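Here is a short briefing for a first look at this structure. Please keep the sequence and the model in view while reading.

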Amino acid sequence: MNEYLDHYNGHRPHQARGQRPPDHDEPVMVPMVGRIERHKVLGGAINEYRRAA
């Protein structure tokens, strides 16, 4: 359950917050170039995508 709560509050976009997760108060600039990596959450039931560093 904690893994889902971390995803829901820290990564999942919310329409009422301008597509920002609840735990992020300031807008984040996402780089538009670079490789994208997939991170499995809940054993692969949910996928999160992030730019590779």
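With which residue does Glu48 form a salt bridge? The partner is Arg50, and the closest N and O atoms of the pair are 2.7 Å apart. The model is predicted. Its chain has one helix and two strands, in the order α-β-β from the N terminus.

**Overall layout**

- The chain has 53 residues, and 15% of them count as buried.
- The C-alpha trace spans about 30 × 25 × 15 Å along its principal axes.
- Helix H1 covers residues 2–10.
- Strand E1 covers 36–41, and strand E2 covers 46–51.
- The accessible surface of the chain is about 4500 Å². Carbon and sulfur atoms make up 52% of that surface.
- Take the contacts in the chain with a separation of 6 or more: 18% of them join residues 24 or more positions apart.

**Confidence**

- The mean pLDDT of the chain is 80.
- A value of 70 or more is reached by 94% of the residues.
- Confidence is highest in E1, with a mean of 90.
- Confidence is lowest in helix H1, with a mean of 80.

**Salt bridges**

- Side chains of opposite charge can pair when their charged atoms come close.
- The chain has two salt bridges.
- One salt bridge joins the side chains of Arg35 and Glu37, at 3.0 Å from N to O.
- Arg35 counts as exposed because its relative accessibility is 57%.
- Glu37 has a relative accessibility of 30%, so this residue counts as partly exposed.
- Glu48 and Arg50 form a salt bridge as well. A polar contact of 2.7 Å also joins their side chains.
- Arg50 counts as partly exposed, because its relative accessibility is 35%.

**Glu48 in strand E2**

- Glu48 lies in strand E2.
- Is Glu48 buried or exposed? Its relative accessibility is 8%, so Glu48 counts as buried. The cut-off for buried is under 20%.
- Which residues does Glu48 contact, leaving aside neighbours within four places in sequence? They are His7, His11, Glu37, Arg38, His39 and Val41.
- Glu37, one of these contacts, is also the salt-bridge partner of Arg35.
- His7, another of these contacts, belongs to helix H1, which runs over residues 2–10.

**Val41 in strand E1**

- Val41 lies in strand E1.
- Val41 counts as buried because its relative accessibility is 6%.
- Beyond its neighbours within four places in sequence, Val41 is in contact with Glu3, His7, Ile46 and Glu48.
- How many residues apart along the chain are Val41 and Tyr4? The two are 37 residues apart, and their C-alpha atoms are separated by 7.6 Å.
- His7 is in contact with Val41, and His7 is in contact with Glu48 too.

**Leu42 and the nonpolar patch**

- Leu42 lies in the loop between E1 and E2.
- Leu42 is not a glycine, although its phi is positive, at about 55°.
- Leu42 has a relative accessibility of 34%, so this residue counts as partly exposed.
- Which residues make the nonpolar surface patch? Met1, Tyr4, Leu5 and Leu42 make the patch, with an area of about 390 Å².
- Leu42 can belong to such a patch because patch residues need over 30% relative accessible area, and the value for Leu42 is 34%.
- Tyr4 is part of this patch. The C-alpha atom of Tyr4 is separated from that of Val41 by 7.6 Å.

**Pro13 in the loop after the helix**

- Where is Pro13? Pro13 sits in the loop between H1 and E1.
- Pro13 counts as partly exposed, because its relative accessibility is 43%.
- Not counting residues up to four places away in sequence, Pro13 touches Gln19 and Arg20.

Conventions
Residues numbered from 1 in each chain as written. Heavy atoms only, no water. Patch = residues over 30% accessible without salt bridge, like charges linked within 9 Å, V, L, I, M, F, W, Y side chains within 5 Å. Areas by Shrake-Rupley, 256 points an atom, 1.4 Å probe, with all protein chains shown as cover. Salt bridge = Lys/Arg side-chain N within 4 Å of Asp/Glu carboxyl O. Helix = DSSP H or I, 4+ residues; strand = E, 2+ residues; numbered from the N terminus. Buried < 20%, exposed > 50% of the residue type's maximum accessible area, 1.4 Å probe, protein only. pLDDT = per-residue confidence, 0-100. Polar contact = N/O pair within 3.5 Å; in protein donor to acceptor, adjacent residues only side chain to side chain. Contact = heavy atoms within 4.5 Å.
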